[in-house]
Amino acid sequence: MCKLLDEYRIYLENLVREKSTVTFSNGGKDYASILMSILLDNTKSSVCMFCEGFGPNLITQSDYWSALTKYLDNKDKKLHVIVNSKDYIKQEPLQKLFDTQRERNNDGSIMVYLINDEGREIIKQQFNGALNNFAVFDEDMYRLEYLPSEYKAFGSFNNTDDTKLLRNLFDRVLEKSQLINDASA
């Protein structure tokens with residue numbers, strides 16, 4: 001398995017380096033962790049993400065966790081997360097976001113929101129009834145998880161059209177979401 005993971009990492013790193021417009025696929029927790037780490041490592045300024053709860057199962061995998069920590073250490077980078085559930089609010093990944101908020105004096109660069117029913121319906125309308133997780137990195141990279149239970153997704157490191165569509169979806173859902181923090185659990 002390690003050899004396959006190494007080959008996948010090399011494949012993705014080549015796509016990034018070439019600024020490829022190829023749409024890649026992703027399946028399984030280990031592969032998702034590698035992909036998310038490469039996306040975060042190559043993000044210049046901002047990430048917008050909708051996910052079930054920003055829970056530890058995937059995020060604390062070593063590749064993803066290391067890249068997220070490095071990303072959050074850069075005070076010039078932004079991360080806005082909309083969660084579908086507050087189930088993981090007291091667990092490490094979200095607590096790390098809340099800690100970073102405080103370290104940055106709540107400057108708005110790290111924000112966590114809880115989606116409401118109207119926002120869920122907007123996502124479901126976009127994805128034929130599915131509540132898919134997705135993330136947008138800068139203006140040209142994205143990952144869209146079409147089967148969250150198996151971390152199955154596709155994405156691109158250089159597709160401004162699809163990224164713009166997902167960013168617009170995120171912004172529409174954000175209007176239907178409530179700001180949360182660790183005190184609102």
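This is a short tour of a predicted model, one selection at a time.

**Stop 1: the whole chain**

Show the full chain as a cartoon. It has 7 helices and 8 strands. The C-alpha trace spans about 45 × 35 × 30 Å along its principal axes. A compact globule of 185 residues would have a radius of gyration near 16 Å, and the chain's 15 Å agrees with that. Now switch on the surface. Its accessible area comes to about 9200 Å², with 46% belonging to carbon and sulfur atoms. Of the 185 residues, 49% count as buried. Take the contacts with a separation of 6 or more: 73% of them are between residues 24 or more positions apart.

**Stop 2: the sheet**

Hide the surface and colour the strands. In what order do the 8 strands of the open sheet lie? The order is 1-7-6-5-2-3-4-8, and the pairing is mixed. Strand 1 (23-26) and strand 8 (177-180) are the edges, and each pairs on one side only. On average, neighbouring strands are turned by 20° against each other, ignoring direction.

**Stop 3: from strand 1 to strand 6**

Select residues 23-26, which are strand 1. Strand 1 pairs with strand 7 in the antiparallel sense, over 4 bridges. Click serine 25: its bridge partner in strand 7 is phenylalanine 154.

Next, add residues 141-147 and 152-156. These are strand 6 and strand 7, antiparallel and joined by 5 bridges. Two partners are worth a click. Glutamate 145 stands opposite alanine 153, and arginine 143 has glycine 155 as its bridge partner. The two strands form a hairpin with 4 residues between them. In the turn, tyrosine 151 has a positive phi of about 60°.

**Stop 4: strand 5**

Move to residues 133-137, strand 5. Is strand 5 largely enclosed or open to the outside? All 5 of its 5 residues are buried, so strand 5 is largely enclosed by the rest of the structure. Both faces are covered. Asn133, Ala135 and Phe137 are buried on one side, and Phe134 and Val136 on the other.

Look at its partners. Strand 5 and strand 6 run antiparallel, joined by 5 bridges. Asparagine 133 stands opposite glutamate 145 there. These two strands also make a hairpin, with 3 residues between them. Aspartate 138 in that turn has a positive phi of about 55°. Strand 2 pairs with strand 5 too, antiparallel over 4 bridges. Its methionine 49 stands opposite alanine 135.

**Stop 5: helices across the sheet**

Select residues 160-174. This is helix 7, which lies across strands 2, 3, 4, 5, 6 and 8. Helix 7 runs at about 115° to strand 5. Then select residues 92-103, helix 5. Helix 5 lies across strand 3 (78-83), strand 4 (110-115) and strand 8. Its angle to strand 4 is about 130°.

**Stop 6: the rings**

Finally, show the aromatic side chains. There are 6 aromatic pairs in the structure. Zoom in on tyrosine 8 and tyrosine 31. The ring centres are 5.1 Å apart and the planes stand at 75°, so this pair is edge-to-face. Tyrosine 8 is in helix 1 (residues 2-17) and tyrosine 31 in helix 2 (residues 29-41), so the pair ties together parts that are 23 residues apart in sequence. Both tyrosines are buried.

End with Phe50, Phe127 and Phe134, which form one aromatic cluster. Phe134 is a residue you met in strand 5.

Definitions and conventions:
Residues are numbered from 1 along each chain as its sequence is written. This is a predicted model: local features need pLDDT of at least 70, side-chain atom pairs count only at pLDDT 80 or more; totals for chains, interfaces and linings use all residues. Side-chain values use heavy atoms; hydrogens and water are left out. Two strands pair if DSSP finds at least two bridges between them. Axes are lines fitted to C-alpha atoms, for helices over the stretch in contact, and angles run from 0 to 180 degrees between N-to-C directions. Contact means heavy atoms within 4.5 Å. The radius of gyration is taken over C-alpha atoms; the globule rule is 2.2 Å times the number of residues to the power 0.38. Buried means under 20% relative accessible area, exposed over 50%, partly exposed in between (1.4 Å probe, protein chains only). Accessible areas come from the Shrake-Rupley method with a 1.4 Å probe; for residues, only the protein chains shown count as cover. Rings of Phe, Tyr and Trp (its six-membered ring) pair if their centres lie within 6.5 Å; planes under 30 degrees apart count as stacked, over 60 as edge-to-face and the rest as tilted.
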